[in-house]
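Here is a short report on a predicted model. It takes up strand pairing, then nonpolar cores, then cysteines.

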Amino acid sequence: MSDYPHVVCTREENFELRPWGGYMCFLATPELVNSKKLAVGAVLRMKSGLCHDAHLHDDCDEILFVLEGTGRQSFWDEDGAEISYDIHPGDVIYIAKNRKHLTDNISADKELRLFIVNYCVQGQSDPHVKGLIPASASLSQETDYGSFTNVIRKETCGNQSITGNFLTVEPKASFAAAPVSNEELFFILDGSGEIVYGEGEKERREAICKETLGFFHKGEVCSIINTSDVPLRLLHLYTRSE
C-alpha cells in the first residue's frame with residue numbers, strides 16, 4: 001500500500017492565487033500523492049468576468065468538470081479556426097494535448113468552479129474530437145449499487161487509454177472497484193460516505209464528503225460506501241497502460 005495519502009480534501013485555506021487571477025486548490029500532484037499519469041487534480045475558482053490567456057499543453061491532455069457557474073470554452077484548430085461552447089454544471093471538457101484553448105467565466109455575478117485533471121499521455125489524442133461532453137449527452141445505466149454513466153471514452157475524448165464515469169451510489173450501498181491497473185481517482189461531487197482501501201490488517205477507512213479526492217496506484221484495491229441517507233455522486237477516472 002502506498003505511503004502517500006489516499007484521501008485529500010478541498011480546504012479553503014489551501015487555495016492558491018494563480019498569476020492570471022484564478023485560485024486553485026491542488027489535491028493530486030506528484031508531491032502530494034505520487035501521481036504520474038493523472039499528474040494534477042485540482043479545484044479551480046474563477047471570478048465573474050475572469051479568463052486566462054489562450055494556451056496549450058505539450059505534455060498532457062486536460063479534463064475539466066464544471067462544478068458551479070457558467071462559462072465559455074474556446075478551442076482553436078490547427079488552421080487557427082476558433083470554436084466556442086457555453087458550459088454549465090455537469091459538463092465535461094476534454095482538451096487534447098497540443099490543442100490551444102481558453103476558459104472564460106461569462107457569468108455577470110457568479111463564480112465559475114471547475115475540477116481539473118491533467119493526464120500525461122505519451123501519444124497524441126485526436127484533436128478533432130468535439131471536446132465538450134454535455135451533462136445530458138450520456139444515458140445512465142442502473143446497477144446493483146445505484147447507477148453508472150460512461151462519459152469519457154475514445155469516442156468522446158479521442159484517447160482509448162483513459163476512462164471516466166459518473167457513479168451514483170445509493171444510500172447504504174457500496175461500489176467495489178477492480179484492482180487498480182495503473183492510476184485511479186474518485187472525486188466526490190455530492191453526498192458523504194467512506195472510502196475503504198487495503199486488505200486484511202492493512203484495511204483503512206476514511207470519511208469522504210463533497211470535493212474530497214481519493215487517489216490510488218497500480219495494484220491497490222478500494223471501495224466506496226454510502227453511509228448517508230442521500231445518494232452519493234462521484235466522478236471516477238482511471239487509466240490503462242499505453
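## Strand pairing

Strand β8 (residues 92-95) pairs with β11 in the antiparallel sense, over two bridges. Val92 stands opposite Ile133 of β11. Strands here are DSSP runs of E, at least two residues long, numbered from the N terminus. Two strands pair if DSSP finds at least two bridges between them.

Both strands belong to an open sheet of seven, ordered β2-β3-β4-β10-β5-β8-β11, with antiparallel pairing. The edges are β2 (16-17) and β11 (132-133), each paired on one side only.

This is a predicted model: local features need pLDDT of at least 70, side-chain atom pairs count only at pLDDT 80 or more, and totals for chains, interfaces and linings use all residues. Residues are numbered from 1 along each chain as its sequence is written, and side-chain values use heavy atoms, leaving out hydrogens and water.

## Nonpolar cores

A nonpolar core is a set of buried Ala, Val, Leu, Ile, Met, Phe, Trp, Tyr and Cys residues joined through side-chain atoms within 4.5 Å. Buried means under 20% relative accessible area, exposed over 50%, partly exposed in between (1.4 Å probe, protein chains only).

The largest core has 30 residues; Phe115, Ile152 and Phe187 touch the most other members. Apart from it lies another core, of 18 residues, among them Tyr145 and Phe175.

## Cysteines

Why are there zero disulfides? A disulfide needs two cysteine sulfur atoms within 2.5 Å. The sulfur of Cys9 is 5.5 Å from its closest cysteine sulfur, in Cys209, too far for a bond. For Cys60, the closest is in Cys120, also 5.5 Å away and too far. Cys9 is partly exposed, at 26% relative accessible area. Cys60 is buried, at 3%.

Notes. Helices (H or I, at least four residues) and strands (E, at least two) are DSSP runs, numbered from the N terminus.
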